Protein chains: 2
Amino acid sequence: METRELRYFVAVAEESHVGRAARRLGMAQPPLSRAIAQLERRLGADLFVRGPRGVTLTSAGETLLREGRVALAAVEAAERRTRRTVEAAGRASVVLTAKAGASSELMAKLLDAFAAEPDAVDVEVVLSPPGHQAPMLRDGRADVAILHLPFDDVSGFDVDRLVVEDQVLILPAGHPASARESMTVGEATSIPDLPLPRWPHVDGSYPDGPGPELRDLTQVLQLVRLGRTALVLPESARAGLRDGLAVVPLTDAPQVTTVIAWPPHSTSTGVAGLVRTAARL
Amino acid sequence: METRELRYFVAVAEESHVGRAARRLGMAQPPLSRAIAQLERRLGADLFVRGPRGVTLTSAGETLLREGRVALAAVEAAERRTRRTVEAAGRASVVLTAKAGASSELMAKLLDAFAAEPDAVDVEVVLSPPGHQAPMLRDGRADVAILHLPFDDVSGFDVDRLVVEDQVLILPAGHPASARESMTVGEATSIPDLPLPRWPHVDGSYPDGPGPELRDLTQVLQLVRLGRTALVLPESARAGLRDGLAVVPLTDAPQVTTVIAWPPHSTSTGVAGLVRTAARL
DNA sequence: CTGCCCTCATACCGGCGAGGTATCGGGGCG
DNA sequence: CGCCCCGATACCTCGCCGGTATGAGGGCAG
């Protein structure tokens with residue numbers, strides 16, 4: 001099976017529509033139809049059922065979509081990491097990705113400590129939106145990542161736990177609820193005039209709901225100050241807060257575990273050193 | 001990057017010789033040379049240095065070999081699991097792989113317990129030589145595996161620990177050393193008339209050394225009975241031993257952890273059920 | 001019931017590129 | 001110095017990928 005076939009298949013599966021997939025791939029519909037049919041013949045399996053309003057996946061197709069995405073990410077990772085090897089020729093370097101606006105204190109400590117190591121290498125820090133770190137690690141855009149359980153999917157990675165912490169509710173300083181000693185998640189989500197913001201999915205779309213669409217943390221903290229929303233964050237985020245905000249501990253929120261994660265077959269000395277440094281913090 | 005190019009590259013890297021790789025791939029040497037050159041151009045990286053006695057990998061080439069093998073295994077896994085989905089249409093089934101001759105008692109308990117579950121499915125058991133289980137899981141020939149730490153590489157898999165046990169030395173019943181209460185690994189490996197057997201590598205070759213080449217467990221136990229060799233095994237192996245053998249605990253051997261492992265993105269109900277059953281043993 | 005539309009499949013054609021054969025260049029080694 | 005081994009280059013052929021034109025079949029409206 002060639003990666004070209006796999007890319008075609010994934011496009012059709014995601015669009016549920018051969019014509020749209022062809023447009024997305026920048027090609028005509030007939031060759032795409034033929035490529036899919038040929039793939040089905042070679043695999044000896046129907047991947048789609050053709051309907052009058054498009055196509056839908058069979059169970060074999062669902063398997064191939066799930067496994068194929070992993071395989072494509074692995075091929076992309078191989079390609080990207082090879083390119084990076086030659087770019088980084090001589091001076092080794094490492095790409096570290098983390099959620100924008102999160103764990104900045106931890107990151108600063110980590111980078112400082114690593115820079116002081118004898119085997120330190122350049123660290124390129126890529127801050128990206130929530131949920132993008134794990135995919136970047138999978139397809140080779142990053143070599144190491146700071147992830148947060150239970151939100152990020154770390155399956156397939158090696159990880160070291162760094163911090164386990166409770167979550168707190170951030171809300172406007174003057175708000176009646178800010179006087180509370182503590183709160184449950186149920187109470188926090190049902191404060192009538194403070195709808196929690198909506199986080200974007202990985203594809204950029206937003207779930208439905210009353211809260212504002214969250215794009216960037218400082219912007220949302222501004223909205224909290226203005227009394228328009230509230231926010232659930234790990235308690236370490238308190239350190240970065242400015243005036244106008246109150247903090248109430250949540251008693252039953254799941255604990256957040258911050259981990260450092262890397263691809264299991266990584267052999268980069270930079271990654272190894274960074275992980276070792278992180279474990280000592 | 002296409003999987004065809006990757007396969008070509010891996011073949012050349014493994015042979016360190018374009019002509020031999022071409023023969024292995026069933027093609028002529030010039031198109032292979034050209035394909036590699038084209039891959040290098042597209043990646044913008046030299047993958048090999050050409051020498052008069054063949055080729056050797058550059059550091060970029062080493063990266064691509066390491067990552068490319070993972071990627072190829074992922075593509076093969078996608079293909080194989082898709083084929084298996086259609087073969088297994090209707091009655092779900094699971095392929096479980098384990099080391100031949102090991103953990104038979106555990107396996108029997110697991111399979112019996114799972115068969116009694118309400119959501120039981122067919123389990124095809126594939127017994128294979130030591131070290132072959134993890135690769136089979138990686139490239140889709142198996143859905144679940146019984147692995148043994150620290151020998152097997154479980155990176156990239158989800159695992160549940162099943163048993164942790166010490167190792168023992170198995171030796172002929174009449175041998176002077178069989179009277180010992182316990183022994184260290186150093187002592188065990190230096191019994192002059194009992195060289196430990198050599199285990200094959202994954203590629204089928206054997207390391208150098210004085211001991212017999214180990215192929216299958218019962219055969220080697222026969223050799224132990226005949227006073228030709230001794231054997232280090234997890235203590236659970238005592239259960240399957242017959243007469244003529246003595247057992248001496250090893251005090252400083254690493255503990256062996258038996259785990260059940262599966263690919264992280266597995267969604268098979270059979271795998272899930274098997275893992276759940278194993279966790280309850 | 002009929003005709004239109006939407007969507008995927010089939011038919012046919014042209015060009016790129018993968019693979020084959022023949023041959024060259026260049027570095028060890030006798 | 002000449003031979004041999006190994007990879008690179010030159011050149012050709014043909015398979016297959018992608019494009020355009022058109023067919024087939026199932027909903028849905030009038």
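The following questions and answers go through a predicted model of two protein chains and two DNA strands, C and D.

Residues are numbered from 1 along each chain as written, and chains are lettered from A and ligands numbered from 1 in the order written. In this predicted model local features need pLDDT of at least 70, side-chain atom pairs count only at pLDDT 80 or more, and totals for chains, interfaces and linings use all residues, while side-chain values use heavy atoms, with hydrogens and water left out.

Student: In what order do the 5 strands of the open sheet in chain A stand?
Tutor: Strands here are DSSP runs of E with at least two residues, and helices are runs of H or I with at least four, numbered from the N terminus. Two strands pair if DSSP finds at least two bridges between them. The edge strands, pairing on one side only, are β4 (122-128) and β6 (158-165) of chain A. With mixed pairing, the order is β4-β3-β5-β10-β6.

Student: Which residue of β4(A) is the bridge partner of V95(A)?
Tutor: Strand β3 of chain A covers residues 93-99, and β3 and β4(A) pair in the parallel sense over 7 bridges. In β4(A), the partner of V95(A) is E124(A).

Student: What angle does helix α5 of chain A make with β4(A)?
Tutor: Helix α5 (residues 104-115) packs on the sheet and touches β3, β4, β5, β6 and β10 of chain A, where contact means heavy atoms within 4.5 Å. Axes are lines fitted to C-alpha atoms, for helices over the stretch in contact, and angles run from 0 to 180 degrees between N-to-C directions. The angle between α5 and β4(A) is about 165 degrees.

Student: Which residues come nearest to DNA strand D?
Tutor: A residue is near a strand if one of its heavy atoms lies within 4 Å of it. Sugar and phosphate make up 61% of the atoms of DNA strand D that come within 4 Å of the protein. Of the 19 residues around DNA strand D, the nearest are Y8(A), A28(A), R34(A), S33(B) and R50(B).

Student: How far is a polar side-chain atom of R50(B) from a phosphate oxygen of DNA strand D?
Tutor: A polar contact is a pair of N or O atoms within 3.5 Å; within protein, one must be able to donate a hydrogen and the other to accept it, and residues adjacent in sequence count only if both atoms are side-chain atoms. The side chain of Y8(A) has an N or O atom 2.7 Å from a phosphate oxygen of this strand, and V18(B) places a polar backbone atom 3.1 Å from one. For R50(B), the distance is 2.6 Å.

Student: What is the distance between the side chain of S33(A) and a phosphate oxygen of DNA strand C?
Tutor: DNA strand C is surrounded by 20 residues, with S33(A) listed among the closest. Backbone atoms also approach its phosphate oxygens: a polar one of V18(A) at 3.1 Å and an N or O atom of G19(A) at 3.3 Å. For an N or O atom in the side chain of S33(A), the distance is 2.8 Å.

Student: How much area do chain B and chain A bury between them?
Tutor: Buried area is the accessible area (1.4 Å probe) that two parts lose on being put together, summed over both. Here 35 residues of chain B are in contact with 36 residues of chain A. Carbon and sulfur atoms carry 61% of the buried area, which is about 3,100 Å².
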